[in-house]
Amino acid sequence: MKKKYIFWVIIALAAVTIPLFSGPYQMSVLRTVLTYAALAVSWDMLIRSGQLSFGIAGFFGLGTYISAMCSIYLNMPGIPAIIIGGIITCLIAMALGTIILRLRGMYFAITTLALGEIFRIIIRNGGEFTGGPEGLIIKKLVFDGGTIPTYYLALGILLVAVGASIYFQKSRFHLALTTIRNNERVAMTSGINIYKTLIIVFGITAGIQALAGASFAQMYGFVTPESSFSGDYTLLPLAMSLLGGMYGTWGPVVGAFLLGILSEYLKLYIPYGHLIIYGIIIVFVILVMPQGILGLLKKKFRKEAV
Amino acid sequence: MDSRKKALLAIIAAVAVVTVILLLWKPTVLIFGVQRAGLYAAVALPMALILGIVHIVNLAHGEMMILSAYITYAVARALGVDPFLVMIPTAAVMFIVGAILYRVTIKHAIEAPELNQLILTFGLAMVISQGINMVATSQPRKLSLDYVTASLTIGDISFGVYDFIFVALALVMLLGLTFFLKKTTMGKAALAVGVNPRGAAIVGINVHKTYMLVFAASAAMLGILGTFFLTKMSLFPTAGGAFTMKSFCLVAMAGIGNLPTILLAALALGVAEAFIGSFAGMGSWTHIVFFAMIIAVILGRSFRGKSL
Amino acid sequence: MATLDLESVSRRFGGLKAVDNVDFSLNEGEIVGIIGPNGAGKTTLINLISGITPVSSGTIAFEGEDITDMGPHGRAQLGIGRTYQLIHPVEHLTVEENVMVGFVFAQGMNMKQAREASKQLCAAMGIEKPGRIVSQLNILEVKKMEIAHALSTGPKILFLDEIMAGLNADETHQVIALVQKIASERSLGVGVVEHVMGVIKKLTHRVIVLESGAIIASGEYEDVVKNPQVLEAYLGGGAH
């Protein structure tokens, strides 16, 4: 128990003090890794109910645009614009959820895959208001784009995701989601309102994905249909979650750190198509070690303990 | 039975009304719509075959078509020949690619939960599209062939003739598939496996071999299709994703295992897209039509109390 | 007015009448057997009552309130509990957590109260070490957990769908005693679907016999089994 405590203190200290020893390049890499970790955790939260979403990029992109518009049209400062981006996207996702959460399995998965595409098309064709194919520019960056404060911003968003995820694991949501994933009939006759539960979870996870997107928009100062709704934002978090281990908070975080840092090296050596690695990782993990790295470690420790 | 007949009558009536209105108002919509429908149906048929028999949604479906288009493109360019001369070799290569993909990946996920299968084929889609990106870069590729631009003018409307080749292709594929499934021993065995794999195994059908064959045959069909696609459209690594989604939409609309209805669904999608696209400045909205359709189908089914 | 009242309830699947014009009622404190050959519609009947499957026609009332259009989770909250023929314990949860689900979602307890209630219920049911994961249980414990899971929703009416399947004679006797104890302590109305006639004979106050979705006989076990129509259904159906 004490050992565990010390471990977390060290992690927390490292997370907070890392800007003291790192240069701007490392900081920007870490910022991206933290954001991807938040996306990966949020994706995992929904799959705990058995619903596979390919809609991460869609909600991420929606968050970038809503916060950019808040800044441009309402002169909102960065942080409130990010929060509004998250909240509005959460509400949009809940409204969409009332329709698409009637679906299960492949129907749900493919509809969420289509969502990103739909949002992108709508925004691309939105004329001056959405900036059309050229996108929009935010004149004033959040914290003036400083690497250290934006690092803490990304850390804060990861903490929101991790906090929500841990709450989901400790509260009644844990019972509800796990039961739904196991067998929906049993869940229903145990008194669980599946539809309502899924709408809430879908909304919250989409909101977190939008927070991540909104913070990206406010850090980099621009949004375009292609960059904001890039399929990378679906592909990478998925690969990260799988590699680290699904159905828990820390698997996706570990996966995000491993793959996020790996990706920086790959980008340098493979200019085109370095994302193939993520595809290969997804295929490999699903076929060979569906429990992920943390799952494997846990199994090993359990065996040693016995 | 009665309600099904009524529904069929209603569909026929609706189609007739729409056709007449379009003929009078926007005849080109009908022509372009039918041409699009041909392409969509042709792409959706192999997906329906895999879904109906192997019971797997192949999210790498569109990507496999694009892969075969790139293969044809590379070979045709290198040898300086017409792409159609390369079509059959490409189909053969894709047959092998399909068999290998099945043997190495899909086979090991046949018993896995649906979620794992979906994630797996999503991963395959990424491997294929990013692999293409790695080898061929993201620069768009297009062949310029003079025979694809042939056009016909009737009265004051003028349209391309070559695109009807997709309609012919879809019809040939449907007839070929129907013949294969209904008349050949191998096809009947495949159908039996699709309906009841355990039962089929008991009577001595090799289930995995059948799955592999179906997967490889679908890949070969995509090989042929890729060549046709190449003659008309430009290629880029991620061009396949939209076709995966549209194919799935059509299969879902038609109902799994219902091959002929895919043509009808494709017709609805093609005409609706051509209709939206016929208004000035609306061209880029056409890709949203399938999404509206998928939502409509879903709602329709859930109101009828049928679980999808 | 009985606790549960079904009035001319039917359910069709395509052309097949799975449940055909069934009138049925169940009161608190009574144990009713639901028997019939395979495919007679026993499980479908339970699915209609628990709300998993919507009725094609007819009405279902619980304590006088029409619940025909109510969803399954609402019915569970009102007090209709059930077990499943193919049991699906949640493998990723502990026994204790499995049994907490109904306390939390059907009875509205918070997690702490539910954990306490779950521990007590597990102890009362004779399930030791509820911190275990499901895969460590033996078959008898799994069955007990299945019943505990259904009881956690706080039912007034409980349906047991072939709960004895897979148990040996000794274990079956234990579960019969357990069900009798629970039913009398909580004055539950219990509907029992069972293939083993010995269980029905021992456990139930009265039985209904389904064939092709319709009730062909009802009354006390001893009388019903002598009914020529029932004999015909069983012998004609080839079951048992």
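**Close-up views of a predicted model**

**View 1. An open six-stranded sheet in chain C.** Six strands of chain C line up as β6-β7-β8-β3-β9-β10 to make an open sheet, and their pairing is mixed. At the edges sit β6 (80–82) and β10 (214–219) of chain C, each with a partner on one side only. Going from one strand to the next, the twist averages 20°. Keep in mind for this and every other view that the model is predicted.

**View 2. Strands β3 and β9 of chain C, side by side.** Here we zoom in on one pairing from that sheet. Strand β3 (residues 31–35) of chain C runs parallel to strand β9 (residues 206–211) of chain C, and four bridges join the pair. Which residue stands opposite Gly33(C) in β9(C)? That would be Val207(C). As general background, strands in a sheet pair through backbone hydrogen bonds, in either a parallel or an antiparallel sense.

**View 3. Helix α6 of chain C and its two faces.** Start with a quick sanity check on length. Helix α6 (residues 169–185) of chain C has 17 residues, so at 1.5 Å a residue it should span 24 Å; the C-alpha atoms at its ends are 24 Å apart, which agrees. Buried residues in α6(C) are Thr172(C), Val179(C) and Ala183(C). Looking down the axis of α6(C), the buried residues fall within an arc of 30°, so they line one face of the helix. The usual helix arithmetic is handy here: with 3.6 residues a turn, residues three or four places apart point the same way. On the face of α6(C) turned away from the buried side you'll find the exposed residues Asp170(C), Ala177(C), Lys181(C), Ser184(C) and Glu185(C).

**View 4. What the buried side of α6(C) packs against.** The buried residues of α6(C) pack against β3, β7 (157–161), β8 (189–193) and α7 (197–203) of chain C. Among these partners, β7, β8 and β3 also turn up in the sheet order of chain C. Just past the end of α6(C), Ser187(C) adopts a positive phi of about 40°.

**View 5. Two more positive phi values, one in chain B and one in chain C.** For context, most residues other than glycine have a negative phi. Thr137(B) isn't a glycine, yet its phi is positive, at about 60°. Thr137(B) belongs to the loop between α5 and β1 (151–154) of chain B. Is Thr137(B) exposed, partly exposed or buried? It counts as partly exposed, because it has 14 C-beta neighbours inside 10 Å. Over in chain C, Ser8(C) has a positive phi near 35°, and it is no glycine either. Ser8(C) lies in strand β1 (residues 4–13) of chain C, and with 12 C-beta neighbours inside 10 Å it counts as exposed.

**View 6. Arg115(C) and its surroundings.** Arg115(C) is found in helix α4 (residues 111–125) of chain C. With 18 other C-beta atoms within 10 Å, Arg115(C) comes out as partly exposed. If you skip neighbours within four places in sequence, Arg115(C) is in contact with Glu96(C) and Met100(C). Arg132(C) is 17 residues away from Arg115(C) in sequence, and their C-alpha atoms are 14 Å apart in space.

**View 7. Where chain B meets chain A.** The contact involves 35 residues of chain B and 34 residues of chain A. On the chain B side, the elements giving two or more residues are α5 (114–136), α10 (240–254) and α12 (289–303). The largest share, 15 residues, comes from α5(B). By type, the chain B side divides into 22 nonpolar residues, 12 polar and one charged.

Terms used. Residues numbered from 1 in each chain as written. Chains lettered and ligands numbered in written order. Predicted model: local features only at pLDDT ≥ 70, side-chain atom pairs only at ≥ 80, totals over all residues. Contact = placed C-beta atoms within 7 Å. Nonpolar A, V, L, I, M, F, W, Y, C, P; charged D, E, K, R; others polar. Pairing = 2+ DSSP bridges. Axes fitted to C-alpha atoms, helices over the stretch in contact; angles between N-to-C directions. Expected span 1.5 Å × (residues − 1). Buried ≥ 20, exposed ≤ 12 C-beta atoms within 10 Å, placed from the backbone. Arc of directions from axis to C-beta.
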